[in-house]
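Here's a quick look at a ligand site and the empty space in a protein model. Have the viewer open while you read.

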Amino acid sequence: MGKANLDWSNLTFAYTPTNYHLEYYYKNGQWSEAKIVEQDTISLPIAATCLHYGQEAFEGLKAFEHKDGSVSVFRPEENARRMISSARRLLMAEPPEELFLSAVEKIVKLNKEFIPPYGSGAALYIRPLLIGISGILGVKRSEEYLFLVFASPVGPYFKEGLKPINLYVEEKLKRAAPGGTGNVKVGGNYAASLIVSKKVKDMGYNEVLYLDAVHNKYIDESGPANFFGITEDKKYITPESESILPSITNKSLMVLAGELGLNVEQRPMPVDEIFNLKEAGCCGTAAVITPVKSITYRDKTVTYIEGDQIGEYSLQLYNKLRAIQLGEEADTHGWNYKIEL
Ligand code: PLP
Ligand code: COI
């Protein structure tokens, strides 16, 4: 398969245009067939509900090339279901699971030169997007929707890659609250988070660790990823919260952690527990597992990693997840969705 001329091993999490994107339109209660579009721009009514009232949801998933040249996408059914739950929350038309999966398959095939080669450490990131496109002035749901899917080859989200990052516990600013939209993947959550990320980056940290909005006591998640900790007595602990995104990576890691002999606990996690952890990490499609070097909470900093030596279990989990995604290890859970190129 001919590959695009890119510096695959040095890709970052940045947008690289590819051959085509896909558009599906929802009109009069029906989804259209796929429209294959070459240019990477769209045209919208100036009163479109996505622009004014944030009727917007998105997803993120990755396609990987295996050693034998075959290609698979990691758990796309889960992303399809999560997009449906986001659509429901914002009262948008729901792209059916079959349509979502067929779009994922098509977008990979149409852009196959952009699937990073096995061994490069990169992946083809797939970004499905759902927006309300009717021009309506009042605060109302759109009648018509655009479900758009594009792909872009990417490297690690944190430019450090597997290098550990420093988190800062933010107490004042929130991205989401219970009853709000933190548990779905909608653009407004990210808009609300930008100032927080900027604040902590300006202070010299890599990312924020949010606390819950009600008690200001329990860990929610990091900016673009869920959070987990590993204790000396072999527990994998990850927050349960109404205001965090149910991460597909975290869901997978909980299974793998169990297989590695860790006791998995998903429960409200008081922030004070950071002082009892042996390892900590952020996890997500873009972040994969990004080990946490330190967390600063009020005037205290707890450091888990000296130098760049990643914790034993974080590394094992990372290696295991990557081995499955890259087809190096048997996919015993049926997580890889094979794309026939
Ligand atoms: N939390 C937030 C806020 C995210 O944006 C993401 C990324 O999708 C995640 C968690 C991780 O979710 P997943 O593992 O499904 O990519
Ligand atoms: C992902 O991990 O897919 C994300 O969407 C996180 C971030 C890029 C918003």
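What follows covers the surroundings of ligand 2 and then the cavities, all in a predicted model.

Let's start with where the ligand sits: the space taken by ligand 2 is the largest pocket. Its neighbours are F13, F58, G60, Y125, R127, Y157, K185, Y190, P224, T285 and A286. Sorted by class, that shell comes out as seven nonpolar, two polar and two charged residues. Both domains chip in, with at least three shell residues coming from each of domain 1 (8–154) and domain 2 (165–325).

Now for the polar contacts. Which atoms of Y125, K185 and A286 come up against an oxygen atom of ligand 2? The table lays them out.

| Residue | Atom on the protein side | Distance to an oxygen atom of ligand 2 |
|---|---|---|
| Y125 | polar side-chain atom | 2.6 Å |
| K185 | side-chain N or O atom | 2.7 Å |
| A286 | backbone N or O atom | 2.8 Å |

So much for the contacts; how much of ligand 2 does the protein bury? On its own, ligand 2 exposes 280 Å², and the protein buries 90% of that.

Next, the enclosed space. Rolling a probe the size of a water molecule over the atoms shows where empty space is left. This structure has two cavities of 30 Å³ or more, and the largest cavity holds about 120 Å³ of space. Lining that largest cavity are 14 residues, with F74, T249, G284, T285 and Q325 nearest its centre. T285 is worth a second look in the viewer: it is listed around ligand 2 and also lines the largest cavity.

Technical notes:
Residues numbered from 1 in each chain as written. Chains lettered and ligands numbered in written order. Predicted model: local features only at pLDDT ≥ 70, side-chain atom pairs only at ≥ 80, totals over all residues. Heavy atoms only, no water. Near = heavy atom within 4 Å. Polar contact = N/O pair within 3.5 Å; in protein donor to acceptor, adjacent residues only side chain to side chain. Areas by Shrake-Rupley, 256 points an atom, 1.4 Å probe, with all protein chains shown as cover. 1 Å grid on protein atoms, 1.4 Å probe; cavity = no way out; pocket = protein on both sides within 12 Å on 5 of 7 lines; lining within 4 Å. Sits in = over half its atoms within 2 Å of the grid points. Nonpolar A, V, L, I, M, F, W, Y, C, P; charged D, E, K, R; others polar. Domains from an automatic or database assignment. Points joined across faces, edges and corners; volume = space filled by probe spheres on them.
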